[in-house]
Amino acid sequence: DLTAAEVWGDWLRFGFTPVSGDQVYWYATVPAQPGQTHAHPAVAKAQIARYSMDMHPNVGRLLDATAAENILQTDILDLPALPAWHRGRVVLLGDAAHAITPNLGQGACQAIEDGYVLAQQLATSVDVTRAFVAYTRLRKPKADWVARTARRLGGIVHVRSRLLRSLRNAALRAMPAHLATKQAERVLRLEY
């Protein structure tokens, strides 16, 4: 019986969630240089297995149940915030405007908010460029904050020092629930 979870190890971050029936989506992240992929998915699977040996038993079970050829390797890149999301009659939204690392699970969510606000501005303005300016003014602060917060969380999760990991874990256990709730509410609040 699996429930959605994310497990942090010394070198590996492993998350999983049931999809339907006996299907489970899982991901594993390890700090690496961009473009550093393995020639064959079996090598990636072996590396994940090596890094996850001391993790929850569900990690090993999920990995064992996954065929190597079903493992996809991709880079997670962090891009700096763009100064503007539009030029003339061209506008960006979603990852094109504000690529967000997956640490908060907000990439698609922020793109949907972009589309909503952009549609509102286009519906209420006769000037496309003004609509783009208003859209950027409304959306950029939150999207930039979400991207910065995701970047910080990724840094906290993948800290290398054993001492810092112990301090991180102790601080997270001691954090009052209302602080985590407050941050989640800020991420999820639609303010437009």
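This briefing covers one helix, two nonpolar cores and two pockets. The structure is a predicted model. Helix α2 spans residues 57-64, and three residues of the largest nonpolar core come from this helix. The largest pocket holds about 1,600 Å³ of space, and the second largest has a volume of about 510 Å³.

**Helix α2**

- Four residues of α2 are buried: Asn58, Val59, Leu62 and Leu63.
- These buried residues line one face of the helix, because they fall within an arc of 135° when seen down the axis of α2.
- Arg61 and Asp64 are exposed, and they sit on the face of α2 turned away from its buried side.
- The cover over the buried residues of α2 includes the strands β1 (5-8), β2 (13-20) and β3 (23-29), together with the helix α1 (41-51).

**Nonpolar cores**

- In soluble globular proteins, nonpolar side chains tend to be buried together.
- The largest nonpolar core here has 11 residues: Val7, Leu12, Phe14, Phe16, Trp26, Ile48, Met55, Val59, Leu62, Leu63 and Ile71.
- Both β2 and α2 supply at least two residues of this core, and the largest share, three residues, comes from α2.
- Another core, of seven residues, lies apart from the largest one and has Trp85, Ala97, Leu118 and Ala143 among its members.
- Met55, a member of the largest core, touches Val7, Trp8, Gly9, Leu12 and Phe14, leaving aside residues up to four places away in sequence.

**Largest pocket**

- Rolling a probe the size of a water molecule over the atoms shows where empty space is left.
- In the largest pocket, that space comes to about 1,600 Å³.
- Its lining has 45 residues, and those closest to the centre of the pocket are Ala28, Thr29, Val30, Thr74 and Ile76.
- Elements that each supply at least two lining residues are β1, β3, α1 and α5 (128-157).
- Sorted by class, the lining has 24 nonpolar, 16 polar and five charged residues.

**Second largest pocket**

- This pocket has a volume of about 510 Å³.
- It is lined by 18 residues, of which Leu104, Thr149, Leu153, Met175 and Gln183 are the closest to its centre.
- The helices α5, α6 (162-174) and α7 (177-188) each give at least two residues to the lining.
- Helix α7 provides the largest share of this lining, six residues.
- By class, the lining of the second largest pocket divides into 12 nonpolar, four polar and two charged residues.

Technical notes
Residues are numbered from 1 along each chain as its sequence is written. This is a predicted model: local features need pLDDT of at least 70, side-chain atom pairs count only at pLDDT 80 or more; totals for chains, interfaces and linings use all residues. Side-chain values use heavy atoms; hydrogens and water are left out. Buried means under 20% relative accessible area, exposed over 50%, partly exposed in between (1.4 Å probe, protein chains only). The arc is that of the directions from the helix axis to the C-beta atoms. Contact means heavy atoms within 4.5 Å. On a 1 Å grid over the protein atoms alone, a cavity is a set of points where a 1.4 Å probe fits but cannot get out, and a pocket is an open set with protein on both sides within 12 Å along at least five of seven lines; lining residues have an atom within 4 Å of a point. Grid points are joined across faces, edges and corners, and a volume is the space filled by probe spheres set on the points. Ala, Val, Leu, Ile, Met, Phe, Trp, Tyr, Cys and Pro count as nonpolar, Asp, Glu, Lys and Arg as charged, and the others, Gly among them, as polar. A nonpolar core is a set of buried Ala, Val, Leu, Ile, Met, Phe, Trp, Tyr and Cys residues joined through side-chain atoms within 4.5 Å.
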